[in-house]
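Here is a relaxed walk through a protein model, meant for someone meeting it for the first time. Keep the picture at hand while you read.

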Amino acid sequence: MRHRERGFVDIPRQDPGYRPVEERKSDYREVEQMLTDQQLNDQAARCMDCGIPFCQSAASSVGCPVVNAIPEFNDQVYHGQWEEALALLQEGSSFPEFTGRICPAPCEASCVVGINREPVAIRQIELTIIENAFKRGYVKPRIPQHRVGKRVAVIGSGPAGLAAANRLNQAGIDVVVYERDLYPGGMLRYGIPDFKLEKWVVERRVDILKQEGIVFETAVEVGRDISHDYIRKRFDAIVLAGGARQPRDLPIEGRELDGIEFAMDFLTLQNMRNGGEDISDLKPLSAKGKHVVVVGGGDTGSDCVGTSIRQGALSVMQFEIMPKPPATRPDSTPWPEWPNKMRTSSSHLEGCERRWSINTKRFEGANGKITRLHCCEVKWAFPEGAARPVPEEVEGSGFVVDADLVLLAMGFVGPGCKALLDDMDVALNGRGFINRHAGNATSAEGIFVAGDMTDGPSLVVRAMQDGKNAAKAVGDYLGVRVG
């Protein structure tokens, strides 16, 4: 075992890599591999045990949003103390098996080693800690020893809802989680493809939460199947954690053509198909034998790329209206901030043409179906008096792209359940999301909010932390200590 004090100097960073492209393109199993215990020991040895560990900073744009005790659990892994490492990890992260797979690791962007070397492989260490814990039987249901006589309804079973429900339940509060879909998990279950997060991972955690006493009422949409009055009369508080479900549209000429779909509808349908759900009543969506254009360059767009390839698309092209990011950390986002630099996902490596600074001007079709996109290149400029840059068309840059399927992956603009929120007398902010007061409270008495319904679309790890914050706020409201 190498001496740790020189670990970050002597040992290079090692990533686990992905399964071979031709192999993984033919299935929906997870593409990322895992390091061995010995490899993880070496990677943990690279941790400097900094005097000020920016990786676990609570600052909004720096470090781990759930404030994991990163140097401490790295040290336990280095010494082979896996059970102790798990205990430290669980102090911060409610569900490290999720974040260890899909978190973009803002902790690594703030790692001190990353100032002039490759940062510590924190995400891989986190994932190996929790998976080793499951294999060795360290993860067991933690059933509360007493109940406090309070009941809370959590609406939505995504990362924010699950995190809130977990903390409330551990405090002895009776929790019922309402989920409109057939299975719990929200975005984890229906939005993120299996090749990034297989659903047995979600089911494994949900089974533990059920054993710990949380009740899940699935295929129940509050506001349609049951009224909010029904819930208000039966619970002492409510946590809204339904996520951001209203996608941003592209209202240009030809938008009505068949074959122009929202990304999340496309991804959800494939996840339902993989899960064996009955989709016979839903509009069939498939990229098989089609030329696909994904409009939007973020993670959702990347997920559409990988899913389209697995479905058998003839070609996949991805457009992003923003400029192409630099290959390395730019001066505008210095360490320890999250760097605005080029990111390439496993899906992009499977075969995809990417273009930046592209605006789609209109759709063209035949017989009611999409056939072409009319696009142009743009440059970002500050018109006189403008506070923000705007895209301006580059003269003579127009071009046309053939397409049989267009997937709109341009983000989300609201919770998508305005009628329910109006009935609950929950006020929205100027962006169309739930207005948050101190302590995650809404404008309605006894109703709290967590995650993307109030923050807008963000990271799973941020939603989890906000779920924990909401649980504490509910505990304060009910006079119950929530850790």
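What follows goes from a sheet to a core, then to two helices and a couple of loop residues.

Keep in mind that this is a predicted model. A good place to begin is an open sheet of five strands, which run in the order 3-2-1-4-16 with parallel pairing. At its edges stand strand 3 (215-218) and strand 16 (447-449); each has a single partner strand, so one side of each is left without a neighbour in the sheet. On average, neighbouring strands here are turned by 20° against each other, direction ignored. In general, the strands of a sheet pair through backbone hydrogen bonds, either parallel or antiparallel.

Zoom in on one pair. Strand 1 (residues 151-155) and strand 4 (residues 237-240) are joined in the parallel sense over four bridges. Within that pairing, Ile155 sits opposite Leu240 of strand 4.

Now for the greasy part. In soluble globular proteins, nonpolar side chains tend to be buried together. Which residues touch the most other members of the largest nonpolar core? They are Val152, Leu168, Leu188 and Val239, out of 40 residues in that core. Several elements supply at least two residues each, among them helix 6 (96-102), strand 1, strand 2 (174-179), strand 4 and helix 11 (199-211). Helix 17 gives the most, with eight residues. A second core is separate from this one; it has 34 residues, including Leu88, Ala105, Cys111 and Ile208.

Val239 makes a handy example of such contacts. Setting aside residues up to four places away in sequence, Val239 touches, among others, Val152, Ala153, Val154 and Ile155, as well as Phe448, Ala470 and Val474.

Next, two helices that can be put side by side:

| Helix | Residues in helix | Expected span | End-to-end C-alpha distance |
|---|---|---|---|
| Helix 9 | twelve residues | 16 Å | 17 Å |
| Helix 13 | twelve residues | 16 Å | 17 Å |

For helix 9, the end distance agrees with what 1.5 Å a residue should give. The agreement holds for helix 13 too.

How much of each is tucked away? Eleven of the twelve residues of helix 9 are buried, so the helix is largely enclosed by the rest of the structure. The buried ones include Pro159, Leu162, Asn166, Arg167 and Leu168. Helix 13 has nine of its twelve residues buried, so it too is largely enclosed. Among its buried residues are Phe266, Leu267, Gln270 and Asn271. The cover over helix 13 includes helix 10 (187-190), helix 14 (299-311) and strand 14 (405-408). Just past helix 9, Gly172 takes a positive phi of about 90°, while Gly276, just after helix 13, takes one of about 75°.

Finally, two loop residues. Ser157 lies between strand 1 and helix 9. Is Ser157 buried or exposed? It is buried, because its relative accessible area is 1%, under the 20% cut-off. Its side chain makes a polar contact of 2.6 Å with the side chain of Glu179. A polar atom of the Ser157 side chain also lies 2.9 Å from the backbone nitrogen of Gly185.

Val113 is in the loop between helix 7 (106-109) and helix 8 (122-135). Val113 is buried as well, with a relative accessible area of 2%. Beyond its neighbours within four places in sequence, Val113 is in contact with residues including Phe8, Arg46 and Met48. Between Val113 and Ile143 there are 40 Å from C-alpha to C-alpha, and the two are 30 residues apart in sequence.

Notes
Residues are numbered from 1 along each chain as its sequence is written. This is a predicted model: local features need pLDDT of at least 70, side-chain atom pairs count only at pLDDT 80 or more; totals for chains, interfaces and linings use all residues. Side-chain values use heavy atoms; hydrogens and water are left out. Buried means under 20% relative accessible area, exposed over 50%, partly exposed in between (1.4 Å probe, protein chains only). Contact means heavy atoms within 4.5 Å. Two strands pair if DSSP finds at least two bridges between them. Axes are lines fitted to C-alpha atoms, for helices over the stretch in contact, and angles run from 0 to 180 degrees between N-to-C directions. A nonpolar core is a set of buried Ala, Val, Leu, Ile, Met, Phe, Trp, Tyr and Cys residues joined through side-chain atoms within 4.5 Å. A polar contact is a pair of N or O atoms within 3.5 Å; within protein, one must be able to donate a hydrogen and the other to accept it, and residues adjacent in sequence count only if both atoms are side-chain atoms. The expected span of a helix is 1.5 Å times one less than its number of residues.
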